[in-house]
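Colleague: Got a minute to walk through this one with me? I'd like to start with the annotated site and then move around.

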Amino acid sequence: METLANEMTLIYSFSHHTANACLFPVCALHHVAVTTVEGIGNTKSRLHPAQERIAKSHGSQCGFCTPGIVMSMYTLLRNKPEPKMEDIEDAFQGNLCRCTGYRPILEGYRTFAKDLNCCGRVANGTGCCRSERENSMVMMSSSLFNSSEFQPLDPTQEPIFPPELMQKQLCFKGERVMWIQPTTLKELVALKSQYPNAKLVVGNTEVGIEMRLKNMLYPVIIAPAWISEMNAVQHTETGVTFGAACTLSSVEEVLRKVVAELPPYKAEVFQAVLEQLRWFAGPQIRNVAALGGNIMTASPISDLNPVLMASGSKLTLVSTRKLLAFPCDTEGSGIVNSPLPWIVRSGQNLKMEGEYFSAFKQASRREDDIAIVTCGMRVLFQDGTNRVEEIKLSYGGMAPTTVLALKTCKELTGRDWNEKLLQDACRLLAGEMDLSPSAPGGMVDFRRTLTLSFFFKFYLTVLQKLSKNYNGTVSAAREVLQSCFTKIPFQSCVLLQEVPRGQAVEDMVGRPLMHVSAAKQACGEAVYCDDIPHYENELYLTLVTSTKAHAKILSLHIVTCVGHIIGAVLADTQEHSRRAAKVVKIKYEELKPIVTIQEAIEKQSFLKSIKRINKGDVKKGFEESDHILEGEMYLGGQEHFYLETHCTLAVPKGEDGEMELFVSTQNPMKTQEFAANALGVPSNRIVVRVKRMGGGFGGKETRNTILTTAVAVAAFKTGRPVRCMLDRDEDMLISGGRHPFLGRYKVGFMKNGKVKSLEVSYYGNGGNSVDLSYGVMDRALLHLDNSYNIPNVSSVGIVCKTNLPSNTAFRGFGGPQGMMIAECWMSDLARKCGLPPEEVRKLNLYHEGDLTHFNQKLEGFTLRRCWDECLSSSSYHVFWSCLAGALVHVYTDGSVLLTHGGTEMGQGLHTKMIQVASRSLGIPTSNIYISETSTNTVPNTSPTAASVSADINGMAVHNACQTILKRLEPIKQSNPKGSWEDWVSCLIPDLGYDFEKNEGKPFCYFSYGVACSEVEIDCLTGDHKNIRTDIVMDVGTSLNPAIDIGQIEGAFVQGLGLFTMEELRYSPEGNLYTRGPGMYKIPAFGDIPTEFYVSLLRDCPNSKAVYSSKAVGEPPLFLSASVFYAIKDAIYSARKDSGLTEPFRLDSPATPERIRNACVDIFTKMVTPSGFTVCSLASLPHMECVCWSQWSRSGIRAGWEGRLWPCLSRWFLFHGHYPSFNMPPNERQIHRPALLGLPLQEGLPYSINEVAVHPSILQVLSIEQKH
């Protein structure tokens, strides 16, 4: 099963470790006992407490991630039966879930912790202290499960380590790879000499990725994990020495003990290593990855190498001749290019008094993420002084390998540790830690700024330890940098309305019933598409896709995106088909691609349907407004990242084109229709089966069909079963995601913040085909108001056609994009008015009975109740049974699939039943098909005997057909001359909306919710911490509060990724950079709010849905925009401290890069914008004079002949094309000034000595006053 390949527990030396089975080689399991989720409990006998608690606490939704989470918890319990809550949170650093929002998982497993927070009564099943504030007249509950029903944990019942597992050297020979596992250092050296090109592998976390994803092949692999010398740990007077095969988790364990025993000043390096390891991947990787391997890969973004280099750690290498001590401070190149085969050990030094050390790392996601920039910093002072005797600054992420800032360190040596040193150090680092504009990894300005920010943090840290006096600004900054990411125990609470008194016990509506598949999912018994056992003679299919975004394949056709499916390869195994697909060579004639919305606008590359919604008199509204604000906002796309990728198994049946498709899809009908069309058979020949999906979120509504049809055609052609499950990188490349949006707005409003008029244009990136883009844009336009009453609206929605994979449905379906842009202008106009944003928002909210901009009346409007409750709680201010039966399916192509209770044994019963249905429906018999008799379609049937089968089953068929005809009657009356195919393909919707007339009813009812979020940002690095979120959601009368709350939390956390973290990066040629979990980061356990409170609005039944409930899957996603705008408010506060009060643009997602770049300060001003070339004036040809631009309250003005008249003592960049600088100033176009930040005296003449040149920008770099 797939769960076996995702998570396991390794037991080595009687200790327990989680590991990723997808990376861990089977050969490396020698001497190891493996426990999978199926081995600890099951539904047939008993569940293990780790399985039971995640199921009963509603911590499993799609269930695909559940076995991995269970095994992480199981491993923790084996090592520590009474863990702390912090241990539980740390154990899940390597696990991801896309459904739950993590809260119910943590709440369920909190019951294992010995340090419960809050009142603890949630765990006892008696309710939370928060519910005591509720109205006693309304029965409210904060408990979704009763932990008193949980089995106790009994460690004595766990399996023991098998004593027969003993060590010895071994060798495995595979089809293309030989694996050798030596047991002594002598054997290792001899093997390395015999196979000099062999790869040495301990954890396989690097080589495994290279072989799996980069098509690398290493014929010989040597595994030294069991060599005693390479696992040894030695404590000496000067430090600690680790064997190169020591895993990072073992290094972490040893150093924790050392730090606890040593004086703080001696343990600073060890503490820095621990801090880096804390955020190094997840436990599953740290448990197997070796220290030596981490060093030898010499990754440019290594977490540990900068620490080792700056601290002066030493490496000991071995060859056939000798051992050699090798210093770590040679910028990595000496290590990598050393002729010696392997590191035996790494020594880390104790520190002395007067010596200080720190390490820093910045990543896109705090947990389990690779670094953007990382560093180690060490300073030694002369005895009793603050004068630098020695300093080392080592950086990762700024060069192909880890680098030392040698020039800066040399200049700082012998200097006093004061603000002058800080200024000079930053200036020197800005020059030395330079990056080319085209540097791999991008984010050039951000990375260069981080080098300065990290040094500032180090400077403050050392200053504090030196106990020097420093001013309030430094003190405040120190407090901010120390408080961000301080570990705070997770807290949460949910509030829901209990079922009414007197409701029957057997009536489960409104009760928190456990997910019916949760127990099966928790113990690995739940069957997903790829878990279906293999058929005899089954083939595996691998797609062949385009590597070009826009090109003509010679002699074939034009491809329109990277990932465009060109063909497929079939083979007997998955591995063989993948290897064959990789050797396919394709010749292209490249064409110019269109990748971004901006490029599409420039080239007018739009899909045809352009929608508009207009209401009121927009022009008059602007005339009556006190203020008019214009701006734009860009929202990036989002990858669905369902845990189960697209998967299809096609099984041909051999008769009449019949085929059975097992598919992970949200849309069986379209899947059936597309497959039937591809095979040229009626829909009634195709059966689509969906047992369950490991997540969908809209990504499996239509996009699965591109895979399913290919697999179906392959099975049809070969007559054999064919299977295909996409890898994560393939899935991300092919399937598309949420539509990126660009919104341009113009809003008129009064001084009190009341909105009068809105003009807005939405541009969506549809990709290379329509798919569902029109529907997404329609929904965005219908949500452009969010919840605000705007009397005058003019809007247009345009879908751009680009050379990206077609974007598709995603949770919210265009609504989040439309609402996000509304909140953008609402936030800015509140700032413009100088009023609290929450007051302006409330002022503009709809009231009961108002008409929306699409002229639908609001009924049952509960939003203001949600608003008030949220502010208060956040302290923010058909079936029948018979002897015979029939089931008749009518498909939209007019074909009919008939099933009845009789069996065919040669008596012609199926033929008779087709005749009955033909007459009853009035259609030809060729339109009707019977596949089989089955009890899952027609239950409780009589035996086919006693000569009555045609009578009873024929009447059942006739009755079923009459039921269908009755349902078709309204359609036939509206089109009496239509054909059968016309009638069955036509639907009469209860809802409809006419964009041209702006009338109709697009929605049956509305869902309402309010969220209040508190965040903390690190202005120096761009990190942010989600402190607290309170949500109040109107779900009507909940059918199942546990599932509804789970949907709210899951949607909120998915939106958290959309607005703050998940960023799809493409090259100008249309290649997706962020392909796979290594580069694309979704929220993890540590990213959810530390305090997470969800309440369901009480007493708000919805009369328009079943049992007064409301749909809740999509609406809560947008509530996470509260986090985005809390971040924007925090940035505004930081900018205000720097004297910047004007509005600023913050696009989504609010990544660390965007947050840091928006927090303008002295460090951002020191970094030359990427893309500039520094040169002297003499190197600029044909320049008769120097042009400059000046900002003033009346606009931008151009200057001439080097005379500078700066306004407000701030210089800005001049935008234009520098080859034509000799044009007169009145003919020059000047736009988009950007801050340079040089303090100049007003009215004095200056000469410009040095400038930076970009294809469209000239920036003054060096300037001096004329005398």
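Colleague: Which backbone nitrogen does the side chain of Glu-1114 reach?

Modeller: That of Gly-812, at 2.8 Å. Keep in mind that this is a predicted model.

Colleague: What does UniProt place at Glu-1114?

Modeller: The feature "active site", according to the UniProt record, and the entry is unreviewed.

Colleague: Where is Glu-1114 in the fold?

Modeller: In a loop. Strand E40 (1091–1096) comes before that loop and helix H32 (1121–1137) after it.

Colleague: And which residues does Glu-1114 touch, leaving out those up to four places away in sequence?

Modeller: Arg-779, Phe-810, Arg-811, Gly-812 and Phe-813.

Colleague: Is Glu-1114 buried or partly exposed?

Modeller: Partly exposed, because its relative accessibility is 35%.

Colleague: Moving on to helix H24. How many of the 10 residues of H24 are buried?

Modeller: Seven, so helix H24 (residues 773–782) is largely enclosed by the rest of the structure. The buried ones are Ser-773, Val-776, Met-777, Asp-778, Ala-780, Leu-781 and Leu-782.

Colleague: What do the buried residues of H24 pack against?

Modeller: Several strands and a helix. The strands are E24 (611–615), E30 (741–749), E31 (755–767), E32 (792–801) and E36 (992–994). The helix is H25 (815–833).

Colleague: Now charges. How many salt bridges does a search of the whole structure find?

Modeller: The count is 53. Take Glu-575 and Arg-176: their closest N and O atoms are 4.0 Å apart.

Colleague: Why does the pair of Glu-575 and Arg-176 tie together parts apart in sequence?

Modeller: Because Glu-575 sits in helix H18 (residues 574–582) while Arg-176 is in the loop between E5 and E6, parts that are 399 residues apart in sequence. Glu-575 is partly exposed, with a relative accessible area of 42%. Arg-176 is partly exposed as well, at 38% relative accessibility.

Colleague: What about Asp-727, which residue does it form a salt bridge with?

Modeller: Arg-212, with the closest N and O atoms 1.9 Å apart. The two are 515 residues apart. Asp-727 is in the loop between strand E29 (722–725) and helix H23 (728–734), and Arg-212 is in helix H6 (residues 207–213).

Colleague: Is Asp-727 buried or exposed?

Modeller: Buried, because its relative accessibility is 16% and the cut-off for buried is under 20%. Arg-212 is partly exposed, at a relative accessible area of 32%.

Colleague: Which side chain does Arg-1065 meet in a salt bridge?

Modeller: Glu-1153, at 2.9 Å from N to O. Those two are 88 residues apart. Arg-1065 lies in the loop between helix H31 (1041–1060) and E40, and Glu-1153 in helix H33 (residues 1152–1158). Arg-1065 is partly exposed, with a relative accessible area of 25%. Glu-1153 counts as buried, at 16% relative accessibility.

Colleague: And which residues do salt bridges with shared partners join into one network?

Modeller: Arg-415, Lys-420, Asp-424 and Arg-427.

Colleague: Back to E5 and E6. What is the strand order in their sheet?

Modeller: E5-E6-E8-E7, an open sheet of four strands with mixed pairing. Strand E5 (170–173) and strand E7 (199–200) are the edges, each pairing on one side only.

Colleague: How do E5 and E6 pair?

Modeller: In the antiparallel sense, over four bridges. Phe-172 has Trp-179 in E6 as its bridge partner.

Colleague: Which strands does helix H5 lie across?

Modeller: E6, E7 and strand E8 (220–222). Helix H5 (residues 185–194) runs at about 160° to E8.

Colleague: One more sheet, the one with E34. What order do the three strands take?

Modeller: E33-E34-E35, open, with mixed pairing. The edge strands are E33 (886–890) and E35 (928–930). The twist averages 25° from one strand to the next.

Colleague: How many bridges join E34 to E35?

Modeller: Three, and the two strands run parallel. Leu-897 has Tyr-929 in E35 as its bridge partner.

Colleague: Which strands do helices H28 and H29 lie across?

Modeller: Helix H28 (residues 909–921) lies across E34 and E35, at about 125° to E34. Helix H29 (residues 949–974) lies across E33 and E34, at about 40° to E33.

Terms used. Residues numbered from 1 in each chain as written. Predicted model: local features only at pLDDT ≥ 70, side-chain atom pairs only at ≥ 80, totals over all residues. Heavy atoms only, no water. UniProt positions renumbered as here; feature names shortened; annotations may be inferred. Buried < 20%, exposed > 50% of the residue type's maximum accessible area, 1.4 Å probe, protein only. Contact = heavy atoms within 4.5 Å. Polar contact = N/O pair within 3.5 Å; in protein donor to acceptor, adjacent residues only side chain to side chain. Pairing = 2+ DSSP bridges. Axes fitted to C-alpha atoms, helices over the stretch in contact; angles between N-to-C directions.
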